[in-house]
Each structure stands twice: as structure tokens, then as C-alpha cells.
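This briefing introduces the internal cavities of a protein model to a reader who has not met it before. Please keep the sequence and the structure in view while reading.

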Amino acid sequence: MIELFHQQPPSLGNQYTDDRVLRSFLRRALPRDVLAQVEPDLTTMGELAGGELYRLHLADRLNEPVLTQWDAWGERIDHIEVSPLWKRAARLAAEYGLVALPYERTYGVFSRIVQFALVYLFHPSTDVYTCPLAMSDGAARTLVEAGDATLIDRALPRLISRDPDRCWTSGQWMTELPGGSDVSRTETIARPGFDGVWRLFGRKWFTSATTGQMALALARPDGNPPGSRGLALFYIELRDDEGRLQGIRVNRLKDKLGTRKVPTAELSLEGTPARLVGAPNGGVRAIVPMLQVTRLWNSVSAASFMRRGIALARDYARRRVAFDAPLNRQPLHIETLATLQAEFEGAFHLSFLTAGLLGAEETGVADERQRHLLRVLTSITKLTTGRQAVDVMSEVIEAFGGAGYVEDTGLPTLLRDAHVLPIWEGTTNVLALDTLRALAQPGTWEAILSLADELTTGVNDSSLASASVRARTALDHARRWFGEARDRGRLERGARRLALTIGRSLELALLISHATWSLTEEHDGRARAAALRFARSPIDLIDDDDCDDTALADDVSLPVQP
């Protein structure tokens, strides 16, 4: 009898205790008493992420949201049924305070770091349930910043509740067909009623968290001027006391490349009752706190996806034998995984640096430099890690060979879902242009360069010191190019490369800083190896040549100059 070959699939252990990078960072970033308090929850979440939730994630692969627009008796109900994993994830998210933590302030300035450590563990096993959580966190901060006592009393306790049966989630309804990222072209109109209640009329083309209890939406009060300055922000409760949608029709669920478990919908607002948040012409300013929070969730999710893909690829490399040796003993495969690990570690440290800055700002302890850094790094971190996640997850799929291309392994989902990260909450190009605006503010460049100096000071290891020079040289080049590019067209053409250069330079500086600490405190050379591997990748992406790529972009004739 011939015994057929059986290939063992990759498996996961406790995703906290198995994660050297997270545990090492938390040992360095958190006071001992804080780490001792939070470690039981981190350990339990790690067990859930690698155990129950991961098994549900695989078993739930084919379940997607289902929209039922009509009941059996002809009544319009627009009910959306989400997957079993999402229902389980919703309860766990509330119980572990994944939105509540930064508002409870139990851990003071470290509350955001604790929150995002749990989010980082939770995210990749929950089919992007982090989307409604990010929107809810962003809504909570927006309401707090707006200072509307009525809304704060009404919504905030529900958004941050740890009781799964009381906890609300919020949507973010900004995107419309004419504008996309350009919200200045918003067509939704807001009209005040005789009862003092605003009512919204329009179509929201791409709405997140449609199964939530509330949403924040942009609309143009009747009579306001065109453009972004004529927009206002409104608070909506989706259903009345009897559970019926209030002037909202769900036209369809979007059929997307990835994040297929997220019930993203196209809505018609037909007199939806709403309450004004802030000034009737201050909508864009009012959503800044929301975007700051949701972009950070996006960044941490990018690092989390990379970590999950690498964990699976690493375990598979131990199990898969090819050409008479396990993959993890094949030199080229080793080099590939090492490169992916270094990219992930850079993204991780940049994301959690930004989380720490947000925590400092929210608790009132941020100094001027930290406020400058938070403003510019919110965009840079999101765009840098979003691009890294797509590249890393593509390599992860390839590391499995044909198995990575087969749907029922669950692996292709990771790549599809990662593709949303450079798109949601501002595309790479949109955020690159936002970076230009932040860099134009006095003190921003000084804050970036001061941070890089701080991170690379006291490096005794000669190889790390050489890598430090590379990071600082790239930043100096970036600043010089920015200062010399007086022409707006040239600045915009190079904005993506500029932002990525800053992001990758700071990732390298962060890796060097952590490696220096780890060598002394942990006597472990792995962080050093990650820093040196990352230092061999492209860091300075600035192009000094002032090229006009219009002919290539439009594919039109380009006359040859004599």
C-alpha cells in the first residue's frame, strides 16, 4: 500500500506570547506596574486570536453580510445580517474595551498604547471588525472635541460601554459619488425643520458600519456656499424606538475586492433626522479628530496583518519540505522571510510611536514637538504602513506557492483585505498631499529631525551607527528637496516619494533605537538584525530630477527635442 503525502497546514499559537516584537516593545514602552496590569488581557486576547477566533475566521470564510430589503408582508425593513464571527467579535470588543480604553484613561498617557496592543492582536482574526470599531472610536473623539453636552451624554457612554448589549457602534458617512475623497463636492443637503430637527437628503455612495446604531455624516445646509467651507457635520441615529430606519434606504451592499465581511452600503437619505455637530459651516474641521483616530487604526491594522501573514508563512516554512529540505533551511526563502520581518518591524514601531503621540495629546501632556509630530505622522504613518502591508502580504502569498492562491486555505483573504489599507481613510496620494500641508507649518521639520536625532543618539554598535547615518542623510535630503521645490507642481509630483522617504527614514531610526535598547536590556540581537536588514532596503526615494511625466501618464506623443 502506497502512503500518500499529507501536507500539514500552518497553525497559530498564542499570538501574544509568540510575538517577540510586541512583547519587547511593551516591556520598553510601559511602566512595569502598567504592563503587569494589562498582560493578563493581552495573553487572553492572544489565545483567542490564535485559537477560537482564528478557527471561526476559517470556518466563516464563505459567510458574507446579507441584505433583506423587504419582509414577507411587503414592508421595507432593510435588515443586514452579519456573519457569526462578527457577532462574536462585537461582544469581545466591548468586553475588552477596545474602544473604551482611551476614554477610561485607566492607564493615563499609556492608554492608547494598551488599546492598540489589544487591537493589534484582535484585528487579523476578526474579518476586519476593526472597521466599525475604528469608526466608533473616531466618533467618540469627535463628539468629545465638539463639546456638545447633549450628544456626549447621549452617545458617548454607549460608544465606550463594555456591556455588549448596550454598546453602540458608529458609521462614518462622508463619501459621495461626485467627489470620493474630495468631500467639497458633497451633494447631500441638510434642511432645518419646523420642529428644530435637521433633515438630510442625498445619497451616500460608500458608507461604513451600516449596522451601527449611529453615524456621523457630512451635509451642506440649505443655502450654504459650495466647496468644503459650506459643509457641516451631523449626528444621526439610524433607527427609531421601534427599530425602524429613520428616512434611510439601503440601496445595496457593495461587492468589493476585499473586506467582504464588512457591510459597506450605498444609502439614500430621505429626510433623515439629524442633529448639527458644531458650526453650520465647520464640518471639515469637525472631522479632523475622527480622521486622526481612524487613520491610526488603519496603521495598526496594517502592522497586524503583516505580523499574521509572516506568522503563518514562518510556521509553514517549518512544515513544508521542498528540494530535500524544509523551507526554513533554504537560504533564499530565509532571506525572503527576513526581509518581510524587517518591513513589519519598521511598520510596527512607526504605528505605535504614533499611538503614543495620540495618547500624549489626549491626556494633555504633549509638548509642542509632539503635537507637530502627531499632525504630520498621522498621515505619513498611514500611507507608509498601508503600502508596506500590500507588498508584504503579496510576498506572503507567494511564500506558500500554489497553496497561497487557493481560496479555502484562507490565505488569499489576507491579501485582499490588506489592499483596503492604502485606500480607506485617504489614499496614499491624498495623504501625501496632506503631508505637504503639515510640513509647511513652522516647527514641523524641526520636530521630525529632532526625533530622528533623539532616536539615533547613543548608538554604540558600529553597524547600527552606520545605519543611523543613512536614516539622517535621507531626512536631510528630504528637507532640502522640500525647501528647494518652490514650484507647486514639482512639490505635488514628488509628494508621495517625499512622504515615504520620511516614513521609512523614521522607521529605520526607530528600529535602530529599539535594537540599541534590546542589545543592552534583553541581550538579544534580533532587533539589531531587523534594523540592519531594513537599512539595506530603499530608504531615500527622493528624485532630484524635475521630470514632467504627463506624456507617459496620458500616453500621448512626446516630441523629441533636437
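The following points describe the cavities and the residues that line them.

The model is predicted. Four cavities of 30 Å³ or more are found in the structure. The largest has a volume of about 130 Å³, and the second largest has a volume of about 50 Å³.

**The largest cavity**

- The lining of the largest cavity is made up of 16 residues.
- Those nearest the centre of this cavity are Cys131, Ala134, Asn298, Ser301 and Trp424.
- At least two lining residues come from each of helix H7 (130-146) and helix H10 (288-319).
- Helix H10 is the greatest contributor to this lining, with five residues.
- By class, the lining of the largest cavity comprises nine nonpolar, five polar and two charged residues.

**The second largest cavity**

- Gln15, Asp19, Tyr120, Leu121, Pro124, Ser304, Arg307 and Arg308 line the second largest cavity.
- Helix H6 (111-122) and helix H10 are the elements that each provide two or more residues to this lining.
- Helix H10 supplies the largest share of the lining of the second largest cavity, namely three residues.
- The lining of the second largest cavity contains three nonpolar, two polar and three charged residues.

**The role of helix H10 in both linings**

- Helix H10 gives the most residues to the lining of the largest cavity, and the largest share of the lining of the second largest cavity also comes from helix H10.

Key
Residues numbered from 1 in each chain as written. Predicted model: local features only at pLDDT ≥ 70, side-chain atom pairs only at ≥ 80, totals over all residues. Heavy atoms only, no water. 1 Å grid on protein atoms, 1.4 Å probe; cavity = no way out; pocket = protein on both sides within 12 Å on 5 of 7 lines; lining within 4 Å. Points joined across faces, edges and corners; volume = space filled by probe spheres on them. Helix = DSSP H or I, 4+ residues; strand = E, 2+ residues; numbered from the N terminus. Nonpolar A, V, L, I, M, F, W, Y, C, P; charged D, E, K, R; others polar.
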